[in-house]
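Reader: I would like a close look at the helix packing in this model. Please give the cut-offs behind each term as you use it.

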Amino acid sequence: MRGDSIAADTARLRQVSSTLHRFHHLPQVTIAAIDGACAGAGLSLAAAADFRIASDRAVFNTAFVNAALSGDLGGIWLITKLLGGAKARELFLTPGKLTAQAALDLGLVTTVTGTASLHADTLDLAHRLASSAPLAVRAMKQNLLQASTTSLSDYLLAEVDRMVQCFHSGDAHEAADAFLNKRVPSFTGR
């Protein structure tokens with residue numbers, strides 16, 4: 001960034017920020033697999049994912065204040081939503097390294113696994129999610145995103161619409177039939 005104009009740097013960072021926003025709001029469930037250092041903007045990107053799986057050698061750090069920077073890519077917003085304001089203030093105003101276990105204990109990551117099994121464990125979660133009813137998963141993700149940004153009354157209106165649409169889907173009928181017939185459902189996304 002250094003050497004470019006303030007206007008050019010602002011335009012570039014806003015473009016990258018909009019990409020992060022689109023990533024966070026993807027209808028698909030996203031998984032960040034973290035194996036090593038995860039700091040600054042990388043931590044922001046990981047926080048934008050729905051799940052964060054860390055290897056036992058992963059290390060986390062907000063790092064911005066140490067670099068005389070205020071933060072970017074929505075990391076403060078995302079981590080405040082994940083951990084609450086008090087913990088976000090502590091992490092961003094007094095940065096330091098967190099082990100994967102400490103990140104798990106805080107709720108920053110979903111799970112910690114061995115380095116050798118990180119890829120397989122991430123794929124297992126992806127397959128588990130992919131075998132779920134796609135319409136229900138997308139609607140659930142929208143519920144989760146909207147829950148932190150909308151009033152309860154507005155949320156309930158949207159939640160009801162999504163629930164009724166899912167209830168009337170072929171996937172819901174398939175789930176009920178599979179349950180009654182003691183078989184694994186085969187979802188089509190319809």
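Author: The account below goes from the whole chain to the core, then to the helix pairs, and ends with a few single residues.

The model is predicted: local features need pLDDT of at least 70, side-chain atom pairs count only at pLDDT 80 or more, and totals for chains, interfaces and linings use all residues. Residues are numbered from 1 along each chain as its sequence is written, and side-chain values use heavy atoms, with hydrogens and water left out.

The protein has nine helices and six strands; these are DSSP runs numbered from the N terminus, with helices being H or I of at least four residues and strands E of at least two. Its C-alpha trace spans about 65 × 40 × 30 Å along the principal axes. Of the 190 residues, 29% are buried (buried means under 20% relative accessible area, exposed over 50%, and partly exposed in between, using a 1.4 Å probe and protein chains only). Among contacts (heavy atoms within 4.5 Å) between residues at least 6 apart in sequence, 56% join residues at least 24 apart.

The largest nonpolar core holds 25 residues, and those with the most contacts inside it are Ile34, Ala54, Phe60, Ile79 and Leu108. Such a core is a set of buried Ala, Val, Leu, Ile, Met, Phe, Trp, Tyr and Cys residues joined through side-chain atoms within 4.5 Å. At least two residues of this core come from each of β1 (31-34), α2 (41-48), α3, α4 and α5 (100-106). The largest share, four residues, is supplied by α2.

Helix α2 has Leu43, Ser44, Ala46, Ala47 and Ala48 as its buried residues. Their cover includes α1, β1, β2 (37-39), β3 (51-55), β4 (59-61) and α3. One of these neighbours, α1 (residues 6-24), has an axis that comes within 9 Å of that of α2 and crosses it at roughly 25°. Axes here are lines fitted to C-alpha atoms, for helices over the stretch in contact, and angles run from 0 to 180 degrees between N-to-C directions. That crossing makes α1 roughly parallel to α2 (angles under 35 degrees count as roughly parallel, over 145 as roughly antiparallel, 65 to 115 as roughly perpendicular, and the rest as oblique). Leu20, Phe23 and His24 of α1 make the contact with Ser44, Leu45 and Ala48 of α2. These residues divide into four nonpolar, two polar and no charged; Ala, Val, Leu, Ile, Met, Phe, Trp, Tyr, Cys and Pro count as nonpolar, Asp, Glu, Lys and Arg as charged, and the others, Gly among them, as polar.

The next pair is α3 (residues 75-83) and α4 (residues 85-93), whose axes come within 7 Å and cross at roughly 135°. The two helices are therefore oblique to each other, and the crossing of α3 and α4 is right-handed. A crossing is left-handed if the near helix is turned anticlockwise from the far one by less than a right angle, and right-handed if clockwise. On the α3 side the contact is made by Gly75, Ile76, Ile79, Thr80 and Leu83, and on the α4 side by Gly85, Lys87, Ala88, Leu91 and Phe92. By class, the residues of this contact are six nonpolar, three polar and one charged. Leaving out residues up to four places away in sequence, Ile79 touches Leu43, Ala47, Gly84, Ala88, Leu91, Phe92 and Leu108.

A third pair is α7 (residues 134-147) and α8 (residues 152-167), which pack at an angle of about 175° with axes 10 Å apart. This makes α7 roughly antiparallel to α8. In α7, Leu135, Ala136, Ala139, Gln142, Asn143, Gln146 and Ala147 meet Asp154, Tyr155, Ala158, Glu159, Arg162 and Cys166 in α8. The split for the α7 and α8 contact is seven nonpolar, three polar and three charged.

Some single residues remain. Most residues other than glycine have a negative phi. Ala68, however, has a positive phi near 60°; Ala68 lies in the loop between β4 and α3 and is exposed, with a relative accessible area of 70%. Lys182 also has a positive phi, of about 50°, and is found in the segment after α9 (170-180), where Lys182 is exposed at a relative accessible area of 78%. Ala39, in strand β2, is partly exposed, with a relative accessible area of 37%. Not counting residues up to four places away in sequence, Ala39 touches Asn61 and Ala63.
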